[in-house]
Amino acid sequence: MSKRKLYFKRTIKIASLILAIALVTAFCQQYLLCHFDYNKLLMNGFYLEDKNSLDVVLIGASETYTDFSPDLAYEEYGFTSYPVATGAAPVSLIKTQLKEVLRTQSPKLIVIEINGVLYRGKDSLTKESNLRKSLDNMPLNANKIEYIKNHVAISDQFEYYLPITKYHSVWNDYPEPLKYVKGLFAQNFRGYTYLKGVRTQGNVYDTKQVKMLNATLPKDENRENLEETSEADFRDLLQYIKDEKLDNIIFMRLPHIVAKSENYGRYKRCNTAGDIISEYGFDFYNFERYNDDIGIDFTKDYYNVDHMNVEGQQKMTRYLSELFVNKYGITPTELTEKQKEKWDTCADYYHKYVEYVKYVAKKDPKAKEVGEDGNTLVKIAKLSKSK
């Protein structure tokens, strides 16, 4: 055998080995050796949506996926939507989330919830776990690389580029992650997520625990400065939107139970953020002042001070959908028969999910949020069959 052929064979073998290692690493990083929680399923579900098939996209933190149901909005108003949101996402992530949305979708309306703008303290703004909920679940592309370069210390960047190096010992956590593994395999095999990122619960928060200020908020003009880095990141986002001439973006603050002992500071910073948004000429809705219009019952519609339960979620979804349709003229994109079939299936599943969430709340007064993991899929199916 000539040396040329020998070198060629060796090159092929080495290339094949490298490819095999890369494929195994990618598989383990996606399905086995990674941080599993609901954020992974939510972000994965967004990337499963057909290109340019979403009419509305909502960007933000956890309120965005607990307070709005794309399935219900589709069933009653006809438009498609999805929340690109992760728990406790700081303002620095919003521009990257926005770029990721625009990379695969052309929404008629993009709604940015500003909770992440209002955080205080270094821990809330740069906490690694809050960043990773989003970044670990983005594909490695220019948007992700840009964020890592600009916001992550050089010494930590490699673990963001290759998350498996961060989570190589996650085997020790099994079997707990299996419910997420099953959910992830199920939605990838199916090709879409039933709940479109929704997560909530049926339990009701006891408002006697706090001194509520919500009744006074419509006339409360108190302000408080934003964290310096938050304001800088926020202005950078607003200037980017203005420079790119993105005229289909609005901002909102979803309603919370506001109390001095809990989150009144965020309310005051929200007033400041609203002033800044107005400087740049964008629409802003502070729904903490719209409680009566929305029809919120604080004794029934929340499971904690920050998040609506399933009853509140349905009220908020209908209220926002009316706004999107009547104020911004959102009309449904014409779907293919296959796409329509998927969304109809999701709308039907959402009703089963609502029944299950209420069932869980009756069984366990301290039940946690319910989302679309493997265990929930099985339990909803069992509950449906038992009826």
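**Exercise 1. Backbone outliers in loops**

In which loop is the place of Lys 245? Determine also the sign of phi and the exposure class for Lys 245 and Lys 196.

Solution.
1. The structure is a predicted model. In this model, Lys 245 belongs to the loop between α11 and β4.
2. The phi angle of Lys 245 is near 55°, a positive value in a residue other than glycine.
3. Most residues other than glycine have a negative phi.
4. Exposed means over 50% relative accessible area. Lys 245 has 69% relative accessibility and therefore counts as exposed.
5. Lys 196 also has a positive phi, near 50°, and is placed in the loop between α10 (178-190) and α11.
6. Buried means under 20% relative accessible area. With a value of 1%, Lys 196 is buried.

**Exercise 2. A salt bridge between two helices**

Identify the helices joined by the salt bridge of Lys 99 and Glu 146, and classify the exposure of each partner.

Solution.
1. The closest N and O atoms of Lys 99 and Glu 146 are 2.7 Å apart. A salt bridge requires such a pair within 4 Å, and Lys 99 does form one with Glu 146.
2. Lys 99 is part of helix α5 (residues 94-104) and Glu 146 is part of helix α8 (residues 142-151), so the contact ties together parts that are 47 residues apart in sequence.
3. The relative accessible area of Lys 99 is 15%, so this residue is buried.
4. Glu 146, at 34% relative accessibility, counts as partly exposed.

**Exercise 3. Bridges within a helix and between helices**

Examine the salt bridges Glu 231 with Arg 235 and Lys 358 with Glu 311, and state where each pair lies in the chain.

Solution.
1. In the pair Glu 231 and Arg 235, the closest N and O atoms are 3.0 Å apart.
2. Both residues lie in helix α11 (residues 228-243); they are 4 residues apart and therefore separated by about one helical turn.
3. Glu 231 is partly exposed at 26% relative accessible area, and Arg 235 is partly exposed at 24%.
4. For Lys 358 and Glu 311, the closest N and O atoms are 3.1 Å apart. This pair links distant parts of the chain, with Lys 358 in helix α15 (residues 337-363) and Glu 311 in helix α14 (residues 310-326), 47 residues apart.
5. Lys 358 is partly exposed at 34% relative accessibility, as is Glu 311 with a relative accessible area of 35%.

**Exercise 4. The salt-bridge inventory**

How many salt bridges does a search of the whole structure find, and which residues are linked in a network?

Solution.
1. The search finds 28 salt bridges.
2. A network of salt bridges links Arg 120, Glu 224, Glu 227, Lys 268 and Arg 269.

**Exercise 5. The surroundings of strand β3**

Describe the burial of strand β3 and its pairing with β1 and β4.

Solution.
1. Strand β3 spans residues 109-113, and 5 of its 5 residues are buried.
2. Leu 109, Val 111 and Glu 113 point one way from the strand, whereas Ile 110 and Ile 112 point the other way. Residues on both sides are buried.
3. Strand β1 (residues 56-60) pairs with β3 in the parallel sense over 4 bridges. Within this pairing, Ile 110 of β3 is the bridge partner of Val 57.
4. Strand β4 (residues 249-253) also pairs with β3 in the parallel sense, over 4 bridges. Here the bridge partner of Val 111 is Ile 250 in β4.

Definitions and conventions: Residues numbered from 1 in each chain as written. Predicted model: local features only at pLDDT ≥ 70, side-chain atom pairs only at ≥ 80, totals over all residues. Heavy atoms only, no water. Salt bridge = Lys/Arg side-chain N within 4 Å of Asp/Glu carboxyl O. Buried < 20%, exposed > 50% of the residue type's maximum accessible area, 1.4 Å probe, protein only. Pairing = 2+ DSSP bridges.
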